[in-house]
Amino acid sequence: METKIHKKLNELAATAICGNDISSSVLYVSALAIAFAGQYAWITLLIVSFVLFLFRKIYGEVVGALPLNGGAYNALLNTTSKGMASFAATLTLLSYMATAVISANEAIHYLHHLIPSMPIIITTIALLGVFAALTIGGITESARVAIGIFLFHLSSLIILASFIIYFLMHNGIDLFFQNWHYPIKGGSITNAIFFGFAASMLGVSGFESSANFVEEQKKGVFPKTLKNMWTIVSVINPLMAVLALSLFAIPVLQSDEFQNTLLIEMANHVGGHWMAVLIAIDAFLVLSGAVLTSFVGVSGLLERMTLDRIMPQFFLKKNSRGSSYRIIIMFFLLSVSVLLITNGNVKLLAGVYTISFLSVMALFGIGNIFLKVKRSKLPRPEKASWVAVFIAIAAVLIALIGNILMTPKDGLPSNLTIFLDYFIPSIIFIIIMLNRTALLKFLLNVIHSVFDPIRSFVLKTDKKISFIINKINEQEFVFFTKGDNIATLNKVMLYIIKNEHTKRIKIVLALEKGQKVPENLPQEISFLDKEYPEIDIEFTVVDGKFSPELIRELSKKWGIPINFMFIGSPSDKFPYKIEELGGVRLII
């Protein structure tokens, strides 16, 4: 059978898949940065761009040396332990889960602005289902959709930026300078930039995705995807922050309405309703593209974990298009369950998304350090300097601390609390999977310690009872016949079946001198042997007259007691008394 060859992704396709996730951040990160850093938002976004520049080299070195799917999991697996790698994998999985649910839900909210009658939760589930089906259809088909979304998104942003620049050319940028002198939130530039930077780091979510499906990319494509994503983040996010500060006053920008739909408000301000609709459609599409990124990234990650026997081998099954459809279906069901548990309030997932994503970035940097120390001889196309690695890790840790310290809005639990609610069950599951052999052995030992004594008792009891049963069944029933007809013999057999434990009968014929065996008796006994296969019949002829003496002699000879019973009642013609025969039963 001919094996189907799956095409590898080129630069545009690979960039589009992960670029939709990272470029969709423009919809919220500029507003988020302004909420915390005010007029310094564009500076914090440039700092993020610098940090991401450092991570380009870090990712390039690790993946160049270890070009396998899995991202941070792969980096730590090859430099530390499977347990440490699984810790990173759990964080990555949570990041993808939160990204998929939040992006799908936000995409539907943008569409809801255009179609108010549309049900949010049901449509969100449908959107997740569409991209699950698309991913099952294969990486090539997914890439085509991702490219379309990516190009439409960039085109929409170019149109928006062009209209804003044209608007500012005619109206001036005085508002930007007024905002520059606006009182700093919290009264400290340091606090503003610290929390602004922490919030702005969310704008690079998706940068790690390319490393999770590197095996699907053509040779040399991976570092280009990193460069392209860095360029997009470095240009679009700071630019949109500057343009927003040039169009609206900071109090307006920090209001809830503008925080949720900043780009739509900017589009409506400079281009009118039609441009607001364009940006709403773009937001729906690019956030949908981020959902696709999650499905593609998690598929590569979990497939690698399954190959390493962390996940059940059940998930390795592929369809004819080369997709691990069972992984995709499982991730879809997980995402839907989380959406239903939160009842559509996906803001609850912000802590999961934030902490897990930033933790993965930090762990990737740590993986780079271990790679330098433990696998220094591995060839790699590029190297990150020690200074760059430490600065990058420190920057991510600062952002992580900032997000943990942030005061939650709308009375929601803290980011750390929400994160732990999801992380603890997930890591327990992974720990169980990692140690399932040891746990099963422990369970087996417990079962043996509890049930072995019982089993030993049962076996001994069974053996004893079986011995007694066999002893009882081995006792022979002796029937002295006078050459009776088959009807009489049949009565004897029926009696034994109904009343006796034994399954053995000895039919004895005592012949005096000159007497012969009745002609039909052997055939009748043979017939009964066939009719009653459960009873072992033995026919024996002895010399002598039927008498108490003969009975005692035979009993001694055979080593068995001979008991008797009558069929009918003893007649006067019977010459012996029952007690003379030494037993209680006599059949004659």
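## A tour of the predicted model

Start with the charges: the protein chain carries 49 positive and 39 negative ones, and the mean positions of the two sets are 8 Å apart. Keep in mind that the model is predicted.

**Whole chain**

Show the protein chain as a cartoon. It has 23 helices and three strands. The radius of gyration is 43 Å, well over the 25 Å from the globule rule for 588 residues, so the chain is more spread out than a compact globule. Orient the view on the principal axes. The C-alpha trace spans about 145 × 60 × 55 Å along them.

Now switch on the surface. The accessible surface comes to about 27,900 Å². Carbon and sulfur atoms own 64% of that area. Colour by burial next: of the 588 residues, 50% count as buried. For a contact map, take pairs with a separation of 6 or more. Residues 24 or more positions apart account for 80% of those contacts.

**Stop 1: I281**

Select I281. It is found in helix α15, residues 273-307. Is I281 buried or exposed? Neither label fits: I281 is partly exposed, because its relative accessible area of 33% falls between the 20% and 50% cut-offs.

Show the neighbours of I281. Leaving aside residues up to four places away in sequence, I281 touches L114 and F152. Then draw a C-alpha to C-alpha distance from I281 to H113. It reads 9.8 Å, for two residues 168 apart in sequence.

**Stop 2: aromatic pairs**

Select the aromatic rings. A search of the whole structure finds 14 aromatic pairs. Zoom in on F87 and F423. Their ring centres are 5.5 Å apart, the planes meet at 85°, and the pair is edge-to-face. F87 lies in helix α5 (residues 82-114) and F423 in helix α19 (residues 415-434), so this pair ties together parts that are 336 residues apart in sequence. Compare the exposure of the two partners. F87 is partly exposed, with a relative accessible area of 30%. F423 counts as buried, because its 10% relative accessibility is under the 20% cut-off.

Move on to F295 and F331. Here the ring centres lie 5.2 Å apart and the planes stand at 90°, so the pair is edge-to-face. F295 sits in helix α15 and F331 in helix α16 (residues 325-341). The two are 36 residues apart, and the pair links distant parts of the chain. Both F295 and F331 are buried. Helix α15 is also the helix of I281, from the previous stop.

Which rings form a cluster? Select F55, Y59, F207 and F364: ring pairs link them into one.

**Stop 3: R380**

Leave the helices for a loop. Select R380, placed between α17 (350-374) and α18 (386-405). R380 counts as buried, because its relative accessibility of 14% is under the 20% cut-off.

What does R380 touch? Show the contacts, again skipping residues up to four places away in sequence. The list is E61, A65, L371, K372 and R375. Finish with one more distance, from R380 to G64. C-alpha to C-alpha, they are 5.1 Å apart in space, yet 316 residues apart in sequence.

How values were computed: Residues numbered from 1 in each chain as written. Predicted model: local features only at pLDDT ≥ 70, side-chain atom pairs only at ≥ 80, totals over all residues. Heavy atoms only, no water. Helix = DSSP H or I, 4+ residues; strand = E, 2+ residues; numbered from the N terminus. Rg over C-alpha atoms; globule rule 2.2 N^0.38 Å. Buried < 20%, exposed > 50% of the residue type's maximum accessible area, 1.4 Å probe, protein only. Contact = heavy atoms within 4.5 Å. Areas by Shrake-Rupley, 256 points an atom, 1.4 Å probe, with all protein chains shown as cover. Lys, Arg positive; Asp, Glu negative; His and termini not counted. Charge placed at Lys NZ, Arg CZ, Asp CG, Glu CD. Phe/Tyr/Trp six-rings, centres within 6.5 Å; stacked < 30°, edge-to-face > 60°.
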